[in-house]
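I opened this notebook to record what I looked up in the structure, one topic at a time. The entries follow the order in which I went through the helices and the strands.

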Amino acid sequence: MKLRSTESFWPLKHAMNTSYPSLDSDIETEILIIGGGITGALIAYQLINEGKKVVVVDRRDIGNGSTAASTALLQYEIDVPLHELIDLRGTECAVDSYNNGKKAIFDIRKIIDDVKSDCHFEFKKSIYFCSLKKDIPFLKNEFNARKEHGFDVNWLERWELEKYGLNAIAAIESKTAAVMDPYRLAQDLYVYCEEKGMQIFDRTNIVSTENQKEKMIARTQNKYTITANHIIHCSGYESTETLKEKVVDLKSTYVIASESIPGLSTAFKNCIFWDTSKPYLYFRTTADNRIIMGGGDEDFKDAVKRDKFLPRKEQFLLHKFQKKFPKINFKIDYSWAGTFGETKDGLPYFGKPDPDVNEHYILGFGGNGITFSVMAMNSVLHSIKNKTHPDLEYYRFGR
């Protein structure tokens, strides 16, 4: 599956300053992680720190799948609003999921400090806004649900949004959000794990896995085998190639990044923005004063068709930006498209699809993939040890 098209911002910025070999022999390990993006990096970090013997493989260069296309907005809010998620999954699961997302933002800050990653992590406020009067009751319901369950939020009127340069009617302001460079953090995590003994192989395509005498056997395209006690799939949207259960609807999404803009207001730079439209639009700044904007999702995943849409989507997103922030001169410097997906309840999938097979999945779909992956660090050992954990129930397969 081609996960992104054209060159996205993060790999070009870092010019791939780390590289790894491809697998050229049969090997054995305790745990095999398939997928060398930010999810695989975070799970590897957790397991290496627990003293596990780990191997990571990726069919591409490390970090060059969805991680390279991520816009890395770190929010506790998920794609399904809290008041709707309560109806879908019940109060306990919904509120815990939002709280878990909030905790994950602070957890990732600790991880960044531990590995000394220069990934430009910054705490921000989140502004969830509406531009149409018909959306105000929806936004009010969401505000009331968050207030009722203890989330620190404020209601903002049009005049208060003007200080951000935002042309909108009303918004929910949340105090806890962040941004970072996901590609840089992934690379730094892999360097950290490799120094602690983890083996990493890129350009190594796993074509099959099988359960054999209490061992898992993974076979590569070049006919080598990796024998492991457990396999953990951190392959994101490509997991649809190996899962029997349909858990996600795949789409195409589009992103533009501006030239560096001197003179951006502090108020604007201190926030991330997203709206109530469906599909929603989102906006953030980078450490070098660029603006990244994404959205314009389409209900197909065909890479050729997706790429043909890119010039048209550039202009669509630019037009939307100019309507929302009319005083900011956005000049497109980069644009890219990628595969995106949503689950029916906006939540991730953790654990084993088949309880009798030591094959685990960590799948953080939607706009919160990174925070979901951090959340998964809390339960991955429970999954390996066949122990119960609330997250393995909330985010189980077959739900």
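Which residues in α5 meet which residues in α8? I kept in mind while looking that this is a predicted model. I found that Ile108, Ile111, Ile112, Asp114 and Val115 in α5 meet Leu185, Leu189 and Tyr192 in α8. Sorted by class, this contact of α5 with α8 has seven nonpolar residues, no polar residues and one charged residue.

I then looked up the geometry of this pair, since two packed helices are described by the angle between their axes and the distance between the axes. For helix α5 (residues 91–115) and helix α8 (residues 182–195), I noted that the axes come within 10 Å and cross at roughly 55°. Because of that angle, I entered α5 as oblique to α8. I also noted that the crossing of α5 and α8 is left-handed.

Next I turned to helix α2 (residues 38–49) and helix α11 (residues 369–376), whose axes come within 9 Å and cross at roughly 20°. Angles under 35 degrees count as roughly parallel, so I entered α2 as roughly parallel to α11. The crossing in which α2 passes α11 is right-handed. On the α2 side I listed Ile38, Thr39, Leu42 and Ile43, which meet Ile370, Ser373, Val374 and Ala376 in α11. The class count for the contact of α2 with α11 came to six nonpolar, two polar and no charged residues.

My last entries concern strand β14 (residues 282–285), and I began with its faces. Is each face covered or open? I recorded that both faces are covered, with Tyr282 and Arg284 on one side and Phe283 and Thr285 on the other, and that these four residues are all buried.

I followed the pairing of β14 towards strand β13 (residues 271–275), where the two strands run in the antiparallel sense and pair over two bridges. Tyrosine 282 in β14 is the bridge partner of tryptophan 274, and a hairpin of six residues joins β13 to β14.

I then followed β14 towards strand β15 (residues 291–298), with which β14 pairs in the antiparallel sense over four bridges. Here I noted isoleucine 292 in β15 as the bridge partner of arginine 284, a residue I had already entered as buried. The hairpin of β14 and β15 has five residues between the strands, and within this hairpin I marked asparagine 289, which takes a positive phi near 65°.

Notes
Residues are numbered from 1 along each chain as its sequence is written. This is a predicted model: local features need pLDDT of at least 70, side-chain atom pairs count only at pLDDT 80 or more; totals for chains, interfaces and linings use all residues. Side-chain values use heavy atoms; hydrogens and water are left out. Buried means under 20% relative accessible area, exposed over 50%, partly exposed in between (1.4 Å probe, protein chains only). Two strands pair if DSSP finds at least two bridges between them. Axes are lines fitted to C-alpha atoms, for helices over the stretch in contact, and angles run from 0 to 180 degrees between N-to-C directions. Angles under 35 degrees count as roughly parallel, over 145 as roughly antiparallel, 65 to 115 as roughly perpendicular and the rest as oblique. A crossing is left-handed if the near helix is turned anticlockwise from the far one by less than a right angle, and right-handed if clockwise. Contact means heavy atoms within 4.5 Å. Ala, Val, Leu, Ile, Met, Phe, Trp, Tyr, Cys and Pro count as nonpolar, Asp, Glu, Lys and Arg as charged, and the others, Gly among them, as polar.
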